[in-house]
Each structure stands twice: as structure tokens, then as C-alpha cells.
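Subject: Model handover and notes

Hi,

Here is the structure I promised to pass on to you. My notes follow right below it, so please keep both open side by side.

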Amino acid sequence: MPRPTIAALILAAGKGTRMYSDKPKVLQTILGEPMLRHVYNALAPRFGSQPFTVVGHGAGLVADAFPDMSERFVLQEEQLGTGHALQVAWSAIVSAGADYCLVINGDTPLVSPEALDRLLDQTGCCDIAFMTITPRDPAGFGRVVRDEDRRVSAIVEARDFSVAQHGPATGEVNAGIYLLRVASVGPLLDRLGNRNNSGEYYITDLVGLAVDHGLAVEGVQCGDDVSLMGINSPRELIHAEAAMRRRIVEAHIDAGVLVHNPETVIIGPGVVIDPGAEIFGHCEIYGASKVAAGARLGSYTHITDSAFAAGSVVREFCHIESAEVGRDAVVGPFARLRPGTVLGAGSKVGNFVEVKKSILGEGAKASHLTYLGDAEVGPGANIGAGTITCNYDGKNKFTTVIGPGAFIGSNTALVAPVTVGRDALVGAGSTITKDVPDEGGAIARAKQMNISRRLKKS
Ligand code: UD1
Ligand code: CA
């Protein structure tokens, strides 16, 4: 028999009322990545870029954040509940031709591919399988009700649960991750109603309906697995973020990364760090950053989407975004690298230097108090303290080219577009508006005049 095929569906249309934010809940970030990205990551090993996503509240914003996934977005215009979300997506799932559908709440970002595998193992045995947990505080979750033979008979939402009607609560609750056999569940969808204390269509009512129809239902017990907790409030988000932060930092340490003061280090899930890199506490590294073996990242440094080659050193208190730091280059302390910065091997960007969309050649140096924007700095050039590239005339940006081996004296304004030639020298305090030839010298400042002063004699 051919192996059954499985589609995946993420429910992500809800507003997230309890986050008190205009942002759709699934765009709230955990370690710098939207919650929904974490769910896609968990699904990626089995489903690649194929999952369907039900979106609704802030659908445009979610599509903007995930252009690569939005082809498989299904719009739930009015959010009438998780059961309604499934109804809206059902035709897409059926036309995908899958035998089963994995449905996962978009607010369960900690879930691991391994945990999902436990549920997917139920393929072939059940009409409906779902994951259950026994958290310390089961308050807001759907309660799993079992009969005297411990077989699942229903999920009852917290707001609809009463001991008189459903028996004593066991602490076992629904994690919001389901495996549905498409042929069995399809006929039940029309039977979902909204006569409950929320006035919503619940996906969880499918469980009771399936039992009533004699279908095979399994609650896969996952105990007190915090990675299956849903996120509904800032408090829950912070808990999840803390748990994931620990998990990621520990994994890097186990792999051979030297992390000093690890309780204070934050590393995003997409960051790649080679064993042998060294990271000092109170450091935050996000996005698609890459750190090579032998690179050192200092304390109080905030990094996004940047790459650090072997032997590069970032000293304390730097802010670095979409930059490349070459072999043995030194940055900081107190430096800011903005998008498009490329630092060549052995180059140096020192304190209170801002670099934007600029390339520093091998061994070039800007050691103090400088702004380099839209600049090309040749190998071995030396940029004196207080040099400013004046790259913006109020309307357009222009390029400054500084040749190999050039020496720019302190407190120089380079008014772009302008080129300073190879091995050229610019005198301190100059305002350079014209190109300086190769090996030439330029000085452009008012001549000093010494004047006599009449000092009052008392
Ligand atoms: C849901 C489950 C509950 C379970 C808990 C686990 C239901 C009715 N209840 O409760 O049994 O214990 O998850 O965390 O499903 N959504 C839509 N469209 C809607 C409504 C919600 O797409 O119309 C999405 C939300 O964006 C969210 C997910 O479905 O990602 C779950 O919705 P939420 O309101 O958070 O459900 P819970 O009350 O947490
Ligand atoms: Ca939830």
C-alpha cells in the first residue's frame, strides 16, 4: 500500500486579543523571529514550504512578512473560531489530495519537529489524533474528557467545562495540534455548531462528533511538555522566549561554542555559529547571522543578519546590522555598522564610528569618531578622527571613493561625489569638494591668521 500523504495547515487568523496589540499575534516575535516563522521551521523537515496557513486578522501584514509562503494562504475573513477556520481551508486541503491533514495552532511556536513526528506516527491508525499535555496551570485550555476505559470521549473548552456535566478535571488538556483523516473528518465539518459560551465554531468539537460516529480517536499524551504550550498573553510569550533562548544557547555550547555568562546571551534560531567561536555575555545575535570559528563577539553588542569571519573581533557595545566583518578585522568598542557595510580582512572600525553601505579594503582603518556612508575605502587607507563623508544633499545620495593607501587628515568633510586618489593625502580640517589625484595632496581650509589682541590691563 502506498504511504498516506499528509498536508499541513496552520491556524493563524486570530487577533490575539490578550496580547493587547494591533499586531497580529503570529507576528509577535520570539528571539527576533515572528511566532509563525517558528511554526514554519518546525514543519519544514516534513512539509518544506508546502503548509497552508489560515490568515484573517492583519492578513496583509502576515503576507508581507512571509512572501514565500503567501501563495498557500487561505483567507478567513471573519474569525468565527478554529472550527470555522478549518471549514474555510477545507477545500484547499481536499484539492491538495492528501489523505491526512496536520492542523496546528499558529500560537504554538516552541513545538519541535520531533514532537510533531509523535503525532504523525498515528497516521494509518486513527481518524483523529491530537496531542495532549498536563501543564502545571491548565486554566485556559480545552479539557480532555475520557470515559471509564480511558478512551477519549470529547474535548471541552475551559469556558464550557463543568464538573457536574463532564466529571472532575484530570489536568489533561488539548495542545491544539491535530492529525485529521481527510475522508473521515470532511463529513463532520458541517455538523460543527457555535452554541457554546464563546459563540464560536470549535475545531475541538470534531473530537466528540468523531467518537459519536464510531470513528477512531486518539489523544497522544505528551505530559508536561512546555514546548507545546500556546501563547496567548505577554506573560506566556516571555516564558516561551526564555525557554527557547536557553534551548538554543545550550545547544551552541554543547556543539563547542564558548559562551561566557550564557544566561545573558540571546541567539536567534536562524543564527549559525561555528564551534570555536567565542561570545561574551550580554550579547544579542539575531536573524541569519553567521559567526566563524575563532571570531570573538564582545559584551553588550546587538547583531542582526551579519557575518563574522575567523579572527574578527567585535569589542564591547557595538550595534551591527546586515554587515560583513572580514578575517581579523576589529570593530568597536562603541561602533555602529549599518546595512551594506563590508569590512575587509584586517581592517579596523574604532569607537564612535558609523559605517553605512560602505566597503573598507584590506587593512583600512577608521579608528575614531567618523561617518562613512556610501563610501569605497581602498586597502590600507587611513581615515582620521572626525572624518565625515557628506553623502546626502537633501535629495540624493552620492559616493565617496578613497583610494588605496590614502591618508585623510582629522576633521575632514568629503563632499560626495568625490574621489581621493591612491596614496593621496588630505590635510586636517579640510572640506574636500573636488577630486584629489593619485599621490596628490590637498588642503582646503581657511588659512590661519594670527591677530593682535588688546587685553584690558587692570
Ligand atoms: C485552543 C483550543 C484549546 C486548546 C488551545 C491550545 C479551540 C476552540 N480551542 O484554544 O482546546 O487547549 O488552543 O493552545 O480550538 N484562529 C483562527 N481563526 C479563528 C480563531 C482562531 O485562525 O477564527 C487561530 C488563532 O490565530 C490561533 C489558533 O487558531 O493561532 C488558536 O486560537 P486561540 O483563540 O488561541 O485558541 P485557544 O483559546 O488558545
Ligand atoms: Ca491559543
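A word on terms before the strands: two strands pair if DSSP finds at least two bridges between them. Helices (H or I, at least four residues) and strands (E, at least two) are DSSP runs, numbered from the N terminus. This is a predicted model, where local features need pLDDT of at least 70 and side-chain atom pairs count only at pLDDT 80 or more, while totals for chains, interfaces and linings use all residues. Residues are numbered from 1 along each chain as its sequence is written, chains are lettered from A and ligands numbered from 1 in the order in which they are written, and side-chain values use heavy atoms, with hydrogens and water left out.

**Strands and sheet**

Strand E29 (residues 365–373) and strand E31 (residues 382–383) pair in the parallel sense over two bridges, with Lys365 opposite Asn382. E29 also pairs with E27, again in the parallel sense, over seven bridges; here Val355 has Leu372 as its bridge partner.

There is also an open sheet of nine strands with parallel pairing, in the order E14-E17-E20-E23-E26-E28-E30-E33-E36. E14 and E36 (418–420) are at its edges with a single partner strand each, so one side of each has no neighbour in the sheet. Inside that order, E26 (residues 341–343) pairs with E28 (residues 359–360) over two bridges, and Leu343 stands opposite Leu360.

**Helix H8**

H8 covers residues 234–255, and its 22 residues should span 32 Å at 1.5 Å a residue (the expected span is 1.5 Å times one less than the number of residues). The C-alpha atoms at its ends are 31 Å apart, which agrees. Its buried residues (buried means under 20% relative accessible area, exposed over 50%, partly exposed in between; 1.4 Å probe, protein chains only) include Leu237, Met244, Ile248 and His252. Among the elements that cover them, by contact (heavy atoms within 4.5 Å), are helix H1 (35–47) and strand E13 (265–267). Just after H8, Gly256 has a positive phi of about 115 degrees.

**Thr301 and the patch beside it in sequence**

Is Thr301 buried or exposed? Thr301 counts as buried, at 2% relative accessibility. This residue lies in strand E19 (residues 301–304), and beyond its neighbours within four places in sequence its contacts include His282, Glu284, Arg315 and Phe317.

Tyr300, in the loop between E18 (296–297) and E19, counts as partly exposed at 44%. Together with Phe317, Phe334, Phe352 and Leu369, Tyr300 forms a nonpolar surface patch with about 520 Å² of accessible area. Such patches take residues with over 30% relative accessible area and no salt bridge, joining like charges within 9 Å and nonpolar side chains (Val, Leu, Ile, Met, Phe, Trp, Tyr) within 5 Å. A salt bridge is a side-chain nitrogen of Lys or Arg within 4 Å of a carboxyl oxygen of Asp or Glu, and areas come from the Shrake-Rupley method with a 1.4 Å probe, only the protein chains shown counting as cover for residues.

**Backbone points to check**

Most residues other than glycine have a negative phi, and most peptide bonds are trans. Phe352, in strand E27 (residues 348–356), has a positive phi near 55 degrees. Glu439 has a positive phi near 60 degrees and is exposed, at 56%. Cis peptide bonds join Gly332 to Pro333, with omega about 5 degrees, and Ala416 to Pro417, with omega about 0 degrees.

Best wishes
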